[in-house]
Amino acid sequence: MQYSAKVMDHFTNPRNVGEIEDASGVGTVGNAKCGDIMRVYLDIDDGGFIKDVKFKTFGCGAAVATSSMATELIKGKHINEALKLTNRSVMDALDGLPAVKVHCSVLAEEAVRAALWDYSEKNGITIEGLEKPVDDIHDSHHEDLHEDD
């Protein structure tokens with residue numbers, strides 16, 4: 001299995017690892033099939049911008065790399081912008097993933113969405129286009145998962 005240099009870099013030097021105490025939103029998503037678990041913490045200011053984002057991931061190197069890249073892509077962005085994060089944009093930013101690891105990028109996307117959902121619930125706000133997250137991505141029928149089923 002061949003990983004890109006960017007995947008290796010984000011695996012060996014992951015960005016934004018850790019927890020945020022009193023986070024504005026926390027999202028945890030797992031994949032029962034492969035055992036990966038990803039937790040994303042958001043610190044969102046009053047204007048709706050993500051001041052800080054941290055993650056903790058239990059999983060393979062690709063799961064760590066996609067978590068790291070996903071946090072980099074949304075840091076400093078408005079929540080509406082963060083909502084546009086897709087597993088495809090995470091994979092593109094990492095110069096691709098092997099087909100059997102595509103689900104890791106879906107996990108990253110869903111963990112960010114779960115954290116945004118938690119934030120919206122805590123604050124009683126609606127984020128346009130945000131749907132209730134799934135706890136296990138294997139339950140969701142994601143368009144990019146077909147090569148894994």
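Of the 149 residues of the protein, 48% count as buried, where buried stands for under 20% relative accessible area, computed with a 1.4 Å probe on protein chains only. This is a predicted model, in which local features need pLDDT of at least 70 and side-chain atom pairs count only at pLDDT 80 or more, while totals for chains, interfaces and linings use all residues. Side-chain values use heavy atoms, with hydrogens and water left out, and residues are numbered from 1 along each chain as its sequence is written.

The protein has five helices and three strands, taken as DSSP runs (H or I of at least four residues for helices, E of at least two for strands) numbered from the N terminus, and their order along the sequence is α-β-β-β-α-α-α-α.

The largest nonpolar core, a set of buried Ala, Val, Leu, Ile, Met, Phe, Trp, Tyr and Cys residues joined through side-chain atoms within 4.5 Å, has 39 residues, and those with the most contacts inside it are L42, I50, I74 and L116. Among the elements that give two or more residues to this core are those tabulated here.

| Element | Residues |
|---|---|
| β2 | 36-44 |
| β3 | 50-58 |
| α3 | 79-82 |
| α4 | 87-93 |
| α5 | 102-123 |

The largest share of this core, 11 residues, comes from α5. Leaving aside residues up to four places away in sequence, L116 touches L42, I44, I79, A82, L83, I127 and L130, contact meaning heavy atoms within 4.5 Å.

Note on methods:
Buried < 20%, exposed > 50% of the residue type's maximum accessible area, 1.4 Å probe, protein only.
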